[in-house]
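Work through the following exercises with the model open beside you, and try each task before reading its solution.

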Amino acid sequence: MSHFASPMPSREFLWDVFQRVDKDHSGYISADELQMALSNGTWTPFNPETVRLMIGMFDKQGRGSVSFEDFGALWKYVTDWQSCFRSFDRDGSGNINKDELRTALHSFGYRLSEHIIETMVRKFDRHGRGTILFDDFIQCCIVLHTLTAAFRQHDTDQDGVITIHYEQFLNMVLSLKI
């Protein structure tokens, strides 16, 4: 996603946004506050699971919320994903279909079978329409990246095949923050 990176906005701009999102003026943005502030473009609530994953990624203090110091990186992350999403939403529909998802994942370096692409669309399509909304696209990409990184730790010869015991597999999957 690096070629979709946007410039970091000014500290003043970020502070203004942070204060508007921090509804209870606690000095931290909770998952609920972030969910209310984000839009997936459909007037429906942003996927709470995606919000939880993003808070977890940028919550440096382990509080379940994001401080202003961490907010700039979170803001940049979301805006970069918006640019990325729009670039793959070729028809401007506001969602990603199977072909657009395949193109996106291919550009990220994933070479996945048609069956896996279809499975991913089913998994991350919360509304049963055969498409993935912006918030679900972020979740899809975070989950795929996290699973790939965990797999690569065991794929020491980088051949795409691992041999692990059942408990190793369970430990690997259950320890992931997804």
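**Exercise 1.** Determine whether Trp15 is buried, partly exposed or exposed, and characterise its ring pairing with Phe18.

*Solution.* Trp15 has a relative accessible area of 39% and is therefore partly exposed, where buried means under 20% relative accessible area, exposed over 50%, and partly exposed in between (1.4 Å probe, protein chains only). Phe18, by contrast, is buried, with a relative accessible area of 1%. Both residues lie in helix H1, 3 residues apart, or about one turn of the helix; helices (H or I, at least four residues) and strands (E, at least two) are DSSP runs, numbered from the N terminus. Their rings form a stacked aromatic pair, 5.7 Å centre to centre with 15 degrees between the planes. Rings of Phe, Tyr and Trp (its six-membered ring) pair if their centres lie within 6.5 Å, and planes under 30 degrees apart count as stacked, over 60 as edge-to-face and the rest as tilted.

The model is a predicted one, in which local features need pLDDT of at least 70 and side-chain atom pairs count only at pLDDT 80 or more, while totals for chains, interfaces and linings use all residues. Residues are numbered from 1 along each chain as its sequence is written, and side-chain values use heavy atoms, with hydrogens and water left out.

**Exercise 2.** Establish which parts of the chain the pair of Phe18 and Phe68 ties together.

*Solution.* Begin with the geometry: Phe18 and Phe68 form an edge-to-face pair, 5.4 Å centre to centre with 75 degrees between the planes. Because Phe18 lies in helix H1 and Phe68 in helix H4, the pair ties together parts that are 50 residues apart in sequence. Phe68 counts as buried, at 9% relative accessibility.

**Exercise 3.** Identify the buried residues of H1 and where they lie around its axis.

*Solution.* In H1 (residues 11–21), the buried residues are Leu14, Val17, Phe18 and Val21. They cover an arc of only 100 degrees around the axis, which puts them on the same side of H1; the arc is that of the directions from the helix axis to the C-beta atoms. On the face turned away from this buried side are the exposed residues Glu12 and Arg20. The cover over the buried residues of H1 includes strand E1 (28–30), helix H2 (31–37), strand E2 (65–67) and helix H4 (68–88), with contact meaning heavy atoms within 4.5 Å.
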